[in-house]
Amino acid sequence: MPAANLQVFWLSCGQNPSVWILNYDIMARFRRRTCIILLLFILFICSIMMALKTLRPDRAGFGDPFGLGLLPELQQRTVLLDNKQNSLNRIQGDTATRVNNLHGIAVNTMKASMPPANKLEEELSSPNYNFHIFYYSWFGNPQFDGKYIHWNHPLLPHWDPKIANNYPKGRHNPPEDIGANFYPELGSYSSKDPSVIEAHMKQMRSASTGVIVLSWYPPGMADENGEPTDDLVPVILDYAHKYNLKVTFHIEPYKDRDDRSMYHNVKYIIDKYGGHPAFYRHKTSTGRFLPMFYVYDSYVTIPEIWANLLTVSGSQSIRNTPYDALFIALLVEERHKHDIHRSGFDGMYTYFATNGFSYGSSHHNWASLKAFCDSNNLMFIPSVGPGYIDTSIRPWNNHNTRNRVNGKYYETAFSAALLVRPEIISITSFNEWHEGTQIEKAVPKRTGQVVYLDYKPHKPNVYLELTQKWSEKYRKEQEQWLM
């Protein structure tokens with residue numbers, strides 16, 4: 001529309017033409033400024049893209065990580081790739097082939113720069129020699145032992161015949177039907193299998209435990225469902241040493257165990273195994289390094305018999321001899337603490353992983369037990385466990401089952417133990433499968449007759465990881481205790 005006509009139009013509309021011309025001029029300037037800004041922005045983006053392109057390797061293949069060549073470690077890798085590519089150019093002379101070969105070289109170079117998987121697995125947590133874990137070497141299978149041992153555990157009858165009649169009898173039938181509520185990742189293994197022993201050592205080390213408390217019977221003796229295992233001790237010591245673990249002994253209630261036989265057997269253990277680098281010695285408050293022996297079911301022997309062995313004035317005293325050691329008694333009932341003190345033991349442990357089952361295994365009693373031990377120069381070693389279920393061998397014992405609650409039960413036990421600031425924590429257990437206290441790897445399994453429990457929704461190693469977590473937490477808290 002011509003300007004004159006616009007003027008007539010705006011006058012007819014009652015508008016001042018000078019105002020309209022001013023507005024028109026402002027709008028034109030705004031459009032020009034907007035176009036200039038947009039053009040500058042486009043130029044800026046183009047310059048950035050060109051700059052980034054110069055940083056990208058010229059022959060980067062499809063899917064190469066953009067910009068990684070800027071990292072010092074990967075710059076060397078890029079130079080290596082360029083050199084290899086130049087050689088390929090001279091030899092091959094084909095563009096498509098060059099790209100494919102470069103991709104293969106890049107993948108191989110990346111793999112070569114990473115540690116092998118088995119090397120990564122060897123990078124395990126440092127052992128914590130204040131974390132002791134109960135270990136059983138009593139399992140057998142036909143390949144190594146000629147028969148199944150312990151996996152075919154019998155169903156134990158209740159002591160009341162009226163109750164016993166309500167439950168099944170007989171034995172388990174491995175390998176599909178074993179005497180456990182969980183199923184091991186390693187299957188119904190033999191404790192003699194070197195690969196199993198090594199796998200166990202590796203698992204215990206990955207859990208940041210440090211001392212294996214090995215279930216032990218004297219040569220030629222065993223529990224009623226097992227076979228003698230003393231001949232396995234040298235192999236276990238060797239593998240433990242490979243993983244920088246230590247081994248101590250859990251003296252089981254063998255037949256006729258008394259002061260005399262204990263002296264003889266302690267002497268046997270120290271003479272035969274005491275020189276091995278994996279043999280555990282504990283540093284006492286006086287600076288001495290002494291072997292340590294856990295004594296299971298110690299309460300079945302009267303204090304007077306133990307005093308013969310464990311007090312300086314005893315008739316069979318082992319004190320101040322080359323076979324002196326730290327002897328740790330099992331506390332079940334509250335009254336046992338006084339018997340343990342009178343017997344001459346050096347400390348007490350609680351073993352059972354069933355909170356509330358006994359006085360000793362009840363977490364709320366640990367503070368008073370620790371106070372008693374402190375006032376009587378005794379060690380208090382609480383035992384923590386991931387749960388408890390033994391209905392595969394004691395089908396009538398449901399009331400003592402303790403659900404794992406996806407690891408919460410285990411963590412609650414560790415938390416209770418740390419509250420009393422113990423010098424040592426014991427773990428029940430690595431592989432007591434019959435009582436469902438194991439932290440060894442377990443897997444889901446279903447057979448025609450049995451559906452085994454498992455660690456889902458977690459992985460088979462979840463309890464190893466939780467142990468490692470609390471081992472580190474213990475280390476940090478212990479540093480605070482000692483400050």
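## A patch on the surface

I36, L39, L40 and L43 together make a nonpolar surface patch of about 410 Å². One of these residues, L43, belongs to helix α2, which covers residues 17–55. Keep in mind as you look around that this is a predicted model.

## The protein as a whole

The chain folds into 15 helices and 10 strands. It has 483 residues, and 47% of them count as buried. The exposed area comes to about 25400 Å², with carbon and sulfur atoms supplying 57% of it.

How much of the contact total comes from residues 24 or more positions apart? Among contacts with a separation of 6 or more, such residues account for 71%.

## Helix α9 and its surroundings

Let us turn to helix α9, residues 233–242. Its buried residues are V233, I236, L237, Y239 and A240. An α-helix has 3.6 residues a turn, so residues three or four places apart point the same way. The buried residues of α9 pack against two helices, α8 and α10 (259–273), and against the strands β1 (131–135), β2 (211–216) and β3 (246–251). After the helix comes N244, which has a positive phi, near 60 degrees.

K242, also in α9, forms a salt bridge with E198, and their closest N and O atoms are 2.4 Å apart. This pair links distant parts of the chain, since E198 sits in helix α8, 44 residues apart from K242. K242 is exposed, with a relative accessible area of 52%, while E198 is partly exposed at 21%.

## More salt bridges

Across the whole structure, a search finds 19 salt bridges. One of them joins K192 to D145, with the closest N and O atoms 3.5 Å apart. K192 lies in the loop between α7 and α8, and D145 in helix α6, so the pair ties together parts that are 47 residues apart in sequence. K192 counts as partly exposed at 38% relative accessibility, whereas D145 counts as buried at 18%.

Another salt bridge brings together the side chains of D390 and R394, at 2.8 Å from N to O. Is D390 buried or exposed? It counts as buried, at 1% relative accessibility. Elsewhere, salt bridges with shared partners join E304, E333, R335, D339 and R342 into one network.

## Rings that meet

The structure holds 32 aromatic pairs. In one of them, W151 and Y189, the ring centres are 5.2 Å apart and the planes stand at 85 degrees, so the pair is edge-to-face. W151 lies in the loop between α6 (142–145) and α7 (161–164), and Y189 in the loop between α7 and α8 (194–206), so this pair ties together parts that are 38 residues apart in sequence. Both residues are buried.

Ring pairs also link F131, F182, Y410, F414, Y455, Y463, W470, Y474 and W481 into a cluster. One member, Y463, has R404 over its face, at 4.6 Å from the ring centre. In a similar way, the charged end of K445 sits over the ring of Y183, 4.9 Å from its centre.

## Two residues to visit

H282 lies in strand β4, residues 281–283, and is buried, with a relative accessible area of 5%. Beyond its neighbours up to four places away in sequence, H282 touches R288, F289, L290, M292, L326, M379, E423 and I424.

R475 is found in helix α15, residues 462–481. Although R475 and N130 are 345 residues apart along the chain, their C-alpha atoms are separated by 9.1 Å. With neighbours within four places left aside, R475 is in contact with S126, P127, N128 and S208.

Conventions:
Residues numbered from 1 in each chain as written. Predicted model: local features only at pLDDT ≥ 70, side-chain atom pairs only at ≥ 80, totals over all residues. Heavy atoms only, no water. Phe/Tyr/Trp six-rings, centres within 6.5 Å; stacked < 30°, edge-to-face > 60°. Helix = DSSP H or I, 4+ residues; strand = E, 2+ residues; numbered from the N terminus. Buried < 20%, exposed > 50% of the residue type's maximum accessible area, 1.4 Å probe, protein only. Lys NZ or Arg CZ within 6 Å of the ring centre and 35° of its normal. Contact = heavy atoms within 4.5 Å. Patch = residues over 30% accessible without salt bridge, like charges linked within 9 Å, V, L, I, M, F, W, Y side chains within 5 Å. Areas by Shrake-Rupley, 256 points an atom, 1.4 Å probe, with all protein chains shown as cover. Salt bridge = Lys/Arg side-chain N within 4 Å of Asp/Glu carboxyl O.
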